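Subject: Structure handover

Hello,

Here is the structure I said I would pass on. My notes are under it, for you to read alongside the coordinates.

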Amino acid sequence: MGTMKLSALTPGASAVVHAICCEEELKEQLHALGVIPGVRIMPILTAPLGSPQVFEVMGTRIALRPEEVSEIVVVDAIMEATAKVKWA
Amino acid sequence: MGMSKPITIALVGNPNTGKTSLLNALTGLSLHVGNWPGKTVEKKEAALTHKGQQITLVDLPGIYTLHAFSEEEKVSKRFLDSSEVDVVIQVIDVNALSRHLLMTYELLASGKRVVLAVNFNHEAKQSGLRYNLEKIEQTLGIPMVAIEAHRGKGKIALLDRAIQFLDEPLPQPEYLAAIAPKAKQGIRHREAIEFFQEQIAPHYKTNTVTWRFYALDKFFLNKFTALPAFFLVMTAVFMGIFSVSSPMMDLITGMFDAAYGHVGSWGLPPLIDSFIGNVLLGGLGTVLAFVPLLFLLFFMIAFLEDSGYLGRTMILVDRFFAFFGITGRSFIPIVLGLGCNVPAVLATRTIKNERERIIAIIANSFITCGARLPVLVLMAGIFFPAYAGWLLVGLYAVSILVNLLASVVMAKVLGTNQPLTLIIELPPYRLPTLKNLTKHAWFHVKEFLEKAATTILLCIVGIWVLAVLPFGVEYGSPESLLGMLGSVLAPLVAPLGFGQTNYVIALLFGVVAKEVVVGSLATIAGVSVENLGAVLTAQISPAAALSFMVFVMFYIPCVATIAVMKSELGRYARFTFLIPVMTLVVAWGLAFLTYQIALQLM
């Protein structure tokens, strides 16, 4: 079970948050939005201009700039799309 | 606790949980409900009586944590820490239960008596979420009540439970020992997640992908369709506003014109005849004709907010805004400012970085608000009837561009401190209710009507008095007080192409309220609304008209906006005086530029 950077994950894949490296305030903000060690996170898409990136975590969608994404380390990556999608 | 003693209930919750909807349902108030992070930017209080029990309800800004980062989080934390709150009702979206419970643990750890109002159950069932609320309630050990906030369902049960809860001992859930071993030190997030996965997840079955976002985000945030969709939505919104409202406006001006024709035949004394014709029918009538336009403007802005689309525009523009030294967060005040700058300035509280927030507040002076719109619509309709709609959309684009350029300049002046971060939640897409949109639009239209009956009427009467004095002069002639005042001020704007008395006076009184500008143009012209066009086109060229429109777009924000900017600038409040100065300089400069370019091209 190797760790990798969240930024290396492509849409459709998912992984479990392992650690957040950044400074305390940023970490607290990420925690409050559900980016917490032990939680599964899934890249959804990247905004048309190349940033920010949208993730699904704890039943919500959040957007992060690449600077924040690169601070997040994940484990247990499932690289293929496993999500069953029900269309609205 | 006895039934006679009044109690205080605080409403808290993450953004987009339906907190404001619940407050409206509980109190019958019509506060605006939005769907973007940070709708309630300051606490709102309401009093009500439930089954003989007096209750003060305090609606706090939507926050994610009791750790205070942003201005709105500080407001909430300060209130929860200091006041005697008897019960905290935390509104949660059951679709993202585990995330919302994070704040529940924080509230419990700080010793609060928490009732969970579980919202969006209908939506959850539709999306295939299966959960057992009773089991979850037992596990959490605190009261939970299912509600549907926007329909007011469950509100009685919620209040009953909250009041009854006061007679019960304060719950001391065992799981808190692991999650929040030391009160006041925050919670251990990892333990919170483990607790949820072990104890609550068995009663809560969720899909891996929340479908409610999926299809729409695939279109609205897609690499290829997102930006075309964005421009299409924005253009459609504004073109829609103009094209739908213009026949209604024609109808209203037609009515005033018909009335104008009748007044002349009544044989009234000239002064009274002039007052009715110029002030009431001409001036005020012209202002009132814009009611449908403003209604639609606020209706559409509320639609963008409530649907969840406005929250997503932050994502679309963020990269572009990064170039200007700000983040996508600054886009919400820009869009709201197209309606009214006052709520727009308040909305900057969601911006966490102080420097970015100061920039957003000041730059909002350049966003053309709904009060300035009548001037643009009137002038565009008279001088550029063939392509008025496109001209207006273009002018809006210019307004936003100037806002961004001002942001760049300020970012340079204020200097860079830390790199800006963007950590935001995308609101779920939700179908706005007609009731809420109408309520929101009516709130602003009512304000406009009240202003028309007071400030605007007063200004127009003032202008009329200046035009008829001293007695015996020809109405509005150079010999009247108005004419004299106009000729003193005219040289200041003469290089912009509109040095005539009526334009100068309209701008002068427009400082009080921008709506006055159209009213005073009509009052001074002394003709029916329908003939106003002929008067104005005889005075100035289309190039000067364009220059006038640009000047009106950018010069001095209204008094209410300046006041709210001052209070929101906080420790920078002493720089407020720069706002009128800066806007006048920019308005003059841009109008001059417009006039010179237009003269070459037309």
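The notes below cover the contact between the chains, then one helix of chain B, then some local points in chain A.

Please keep in mind that this is a predicted model.

Interface

The contact between the two chains draws on 47 residues of chain B and 40 residues of chain A. About 3900 Å² is buried between chain B and chain A, and carbon and sulfur atoms give 66% of that area. Between chain B and chain A there are two salt bridges. In one of them D217(B) pairs with R61(A), where the closest N and O atoms are 2.9 Å apart. Eight residue pairs are in polar contact between chain B and chain A, counting pairs with both residues at pLDDT 80 or more.

On the side of chain B that touches chain A, the elements that give two or more residues are α3 (97-109), α8 (189-200), α9 (211-220), α10, α13 (309-322) and β9 (423-426). Of these, α9(B) supplies the largest share, with seven residues. Sorted by class, that side of chain B has 23 nonpolar, 14 polar and 10 charged residues.

A salt bridge also joins the side chains of R65(A) and D318(B), at 2.8 Å from N to O. This pair crosses between chains: R65(A) sits in the loop between β5 (60-64) and α2 (66-69) of chain A, and D318(B) belongs to helix α13 of chain B. Over all chains, a search of the whole structure gives 13 salt bridges.

Helix α10 of chain B

Helix α10 of chain B runs over residues 226-264, which is 39 residues. At 1.5 Å a residue the helix should span 57 Å, and its end C-alpha atoms are 57 Å apart, so the expected span and the model agree. There is nevertheless a kink of about 35 degrees in α10(B), at S246(B), and the proline P247(B) follows shortly after it.

Local points in chain A

Two backbone details may be worth a look when you set up the model. The peptide bond from S51(A) to P52(A) is cis, and its omega is near -5 degrees. P52(A) is in the loop between β3 (40-46) and β4 (53-57) of chain A. M58(A), although not a glycine, has a positive phi of about 50 degrees. The residue M58(A) is in the loop between β4 and β5 of chain A.

At the start of the chain, T3(A) lies in the segment before β1 (4-5) of chain A. What does T3(A) contact, leaving aside its neighbours within four places in sequence? The contacts of T3(A) are H18(A), V73(A), V74(A) and V75(A). For T3(A) and V73(A), the separation is 70 residues in sequence and 6.6 Å in space, from C-alpha to C-alpha.

Regards

Technical notes. Residues are numbered from 1 along each chain as its sequence is written. Chains are lettered from A and ligands numbered from 1 in the order in which they are written. Side-chain values use heavy atoms; hydrogens and water are left out. Helices (H or I, at least four residues) and strands (E, at least two) are DSSP runs, numbered from the N terminus. The expected span of a helix is 1.5 Å times one less than its number of residues. The bend at a residue is the angle between axes fitted to the seven residues ending there and the seven starting there. Contact means heavy atoms within 4.5 Å. Buried area is the accessible area (1.4 Å probe) that two parts lose on being put together, summed over both. A salt bridge is a side-chain nitrogen of Lys or Arg within 4 Å of a carboxyl oxygen of Asp or Glu. A polar contact is a pair of N or O atoms within 3.5 Å; within protein, one must be able to donate a hydrogen and the other to accept it, and residues adjacent in sequence count only if both atoms are side-chain atoms. Ala, Val, Leu, Ile, Met, Phe, Trp, Tyr, Cys and Pro count as nonpolar, Asp, Glu, Lys and Arg as charged, and the others, Gly among them, as polar.
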